[in-house]
Amino acid sequence: MAEFPDPGPVALFGSGETSRVGGNVFERLAARGGGHGPYRISILETPAGFEPNSDRVAGRIADFLRRRLENRRPEIEIIPARQRDTPFSPDDPALLAGLLRADLVFLGPGSPTYAVRQLRDSLAWHTLLARHRLGATTVFASAAMIAIGASALPVYEIYKVGEPVHWTEGLDLFGAYGLSLAFVPHWNNTDGGEELDTSHCYMGEKRFEALRALLPPDRTIVGVDESTALVAELSAGRGEVVGQGTVTILRGGREQRFAAGQSFDLGILGPFDKRSGRGAIPSAVWDAAVAATASPAVRPPVVVPDEVKTLVEARQTARERHDWGEADTLRKRIGALGWKITDTPEGQVIEARPAGASDE
């Protein structure tokens with residue numbers, strides 16, 4: 001039997017993935033990757049794919065990670081796998097080529113039920129699973145965190161539309177490891193103030209008790225506070241709480257809480273069993289992921305942050321009016337952000353500046 005790396009860590013954000021807390025978590029995860037080459041990150045738009053600005057939602061994450069992980073020279077690809085049966089389908093292999101080599105895969109805000117519908121049995125989901133089981137880090141925040149449970153909470157349908165309390169079937173990431181879980185971010189939310197209980201991801205305590213009663217007896221609820229992450233190191237069988245709040249585990253009528261800095265055995269979530277190999281991943285996807293991991297990396301397209309694009313456009317305007325002093329000042333500002341600009345007969349060319357290089 002072929003031997004493969006241990007599965008990669010899974011980070012689950014209750015919220016705050018682009019906060020100081022989130023930055024600390026990402027830095028820790030990137031440091032775990034080791035190596036001296038660029039750190040390859042894939043951001044899937046899918047959970048917010050129904051929104052007209054899903055590219056901007058993903059772009060803000062990319063900009064944050066590019067700044068925060070600057071020392072790792074991140075190569076970030078936004079994958080617009082938004083909706084099936086469209087030119088941006090999560091089943092399009094051309095869109096997903098970079099995902100095969102990602103060191104870290106991120107999915108975040110949007111709709112949990114939409115994410116499940118678009119990703120279930122999709123090429124994108126199978127590819128993500130293959131990378132995860134071959135050692136890549138996976139990070140899920142808010143809607144995506146809900147979606148990867150065995151049961152997924154239809155937040156908008158209940159909280160906004162007024163549907164009766166219910167669960168839908170989730171993507172069940174942890175089922176392959178013997179765990180039957182339901183994830184609830186925003187566990188300690190207080191947006192409703194004194195007038196409305198919005199804890200338990202806007203369900204409120206009373207309504208959430210009704211939801212809890214609907215789950216199978218063996219299903220464990222994992223609630224993650226805001227500005228908090230649970231990092232599950234599957235290879236070590238441990239979970240650690242990072243951030244400002246707590247992680248709450250409800251299982252078999254028992255409640256356990258773990259504060260930031262505390263860790264616990266994943267066995268308290270259920271009959272945890274670290275496994276390897278491809279499991280239910282289609283053999284073609286598994287083989288492609290194995291081959292991509294073993295072959296030289298192909299760099300994904302460089303994504304230029306909006307802030308840098310704005311400065312580049314302002315510099316071009318300054319050059320057109322022959323304001324060379326202003327153009328030079330803008331060039332230095334672009335350089336300070338880690339980008340190099342070159343003037344060519346065809347126009348300005350912008351590229352990431354190698355670490356330690358001068359902007360002159």
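What follows is a conversation about reading the sheet, cores, helices and cavities of a predicted model.

Trainee: Let's start with the sheet. How many strands form it, and in what order?

Mentor: Bear in mind that this is a predicted model. The sheet is open and has 8 strands, running S3-S2-S4-S5-S1-S10-S11-S14, with mixed pairing. Strand S3 (75–79) and strand S14 (263–265) are at the edges with a single partner strand each, so one side of each has no neighbour in the sheet. From one strand to the next, the twist averages 20°.

Trainee: In what sense do S2 and S3 pair, and over how many bridges?

Mentor: Strand S2 (residues 40–44) pairs with S3 in the parallel sense, over 5 bridges. If you want a place to look, find Leu 44, which has Ile 79 of S3 opposite. Helix H2 (residues 54–68) packs on the sheet here, touching S2, S3 and strand S4 (104–107), and its direction makes about 170° with that of S3.

Trainee: And the pairings of S4, which residues should I click on for those?

Mentor: For S2 with S4, try Ile 43, whose bridge partner in S4 is Phe 106. That pairing is parallel, over 3 bridges. On to S5: S4 and S5 also pair in the parallel sense, over 4 bridges, and there Leu 107 has Phe 140 as its bridge partner.

Trainee: Which residues of S4 lie on each side, and are they buried or exposed?

Mentor: Here's the general idea first. Side chains in a regular strand alternate between the two faces of the sheet. In S4, Leu 104 and Phe 106 are on one side, Val 105 and Leu 107 on the other, and all are buried, which leaves both faces covered.

Trainee: What does helix H4 lie across?

Mentor: Helix H4 (residues 123–133) lies across strand S1 (10–15), S2, S4 and strand S5 (137–141), at about 130° to S5. To judge how enclosed a helix is, count its buried residues, taking under 20% relative accessible area as the cut-off. For H4 that gives 10 of the 11 residues, so the helix is largely enclosed by the rest of the structure. Trp 125, His 126, Arg 131 and Arg 133 are among the buried ones. They pack against S1, S2, S4, helix H3 (112–119), S5 and helix H9 (283–294). Just after H4, check the backbone at Gly 135, where phi is positive at about 115°.

Trainee: How many residues of H3 are buried?

Mentor: In H3 the count is 7 of the 8 residues, so this helix too is largely enclosed by the rest of the structure. Tyr 114, Val 116 and Gln 118 are among them. The cover over the buried residues of H3 includes S4, H4, helix H5 (143–147) and helix H6 (155–159). Just after H3, Asp 121 has a positive phi of about 60°.

Trainee: Which residues have the most contacts inside the largest nonpolar core?

Mentor: They are Trp 125, Phe 140, Leu 153, Phe 174 and Phe 208, in a core of 67 residues. H4 supplies the largest share of this core, 5 residues. Leaving out neighbours within four places in sequence, Phe 208 contacts Trp 167, Val 184, Trp 187, His 200, Met 203, Ile 221 and Leu 250. There is also a second, separate core of 24 residues, including Phe 26, Tyr 39, Ile 41 and Val 242.

Trainee: What about empty space: how many cavities of 30 Å³ or more are there?

Mentor: The count is 3. The largest cavity holds about 60 Å³ of space, and its lining includes Ile 43, Leu 44, Phe 106 and Pro 109. S2 and H2 are the elements that give two or more residues to this lining, and H2 gives the most, with 4.

Trainee: Last one. Is His 186 buried or exposed?

Mentor: His 186 has a relative accessible area of 14%, so it counts as buried. It is in the loop between strand S8 (181–184) and helix H7 (199–202). Beyond four places in sequence, His 186 touches residues including Gly 14, Ser 142, His 200 and Glu 226. For contrast, look at Arg 238 in strand S11 (residues 238–243): its relative accessible area is 34%, so it is partly exposed. The C-alpha atoms of Arg 238 and Phe 264 are separated by 5.7 Å, although the two residues are 26 apart along the chain.

Terms used: Residues are numbered from 1 along each chain as its sequence is written. This is a predicted model: local features need pLDDT of at least 70, side-chain atom pairs count only at pLDDT 80 or more; totals for chains, interfaces and linings use all residues. Side-chain values use heavy atoms; hydrogens and water are left out. Two strands pair if DSSP finds at least two bridges between them. Axes are lines fitted to C-alpha atoms, for helices over the stretch in contact, and angles run from 0 to 180 degrees between N-to-C directions. Contact means heavy atoms within 4.5 Å. A nonpolar core is a set of buried Ala, Val, Leu, Ile, Met, Phe, Trp, Tyr and Cys residues joined through side-chain atoms within 4.5 Å. Buried means under 20% relative accessible area, exposed over 50%, partly exposed in between (1.4 Å probe, protein chains only). On a 1 Å grid over the protein atoms alone, a cavity is a set of points where a 1.4 Å probe fits but cannot get out, and a pocket is an open set with protein on both sides within 12 Å along at least five of seven lines; lining residues have an atom within 4 Å of a point. Grid points are joined across faces, edges and corners, and a volume is the space filled by probe spheres set on the points.
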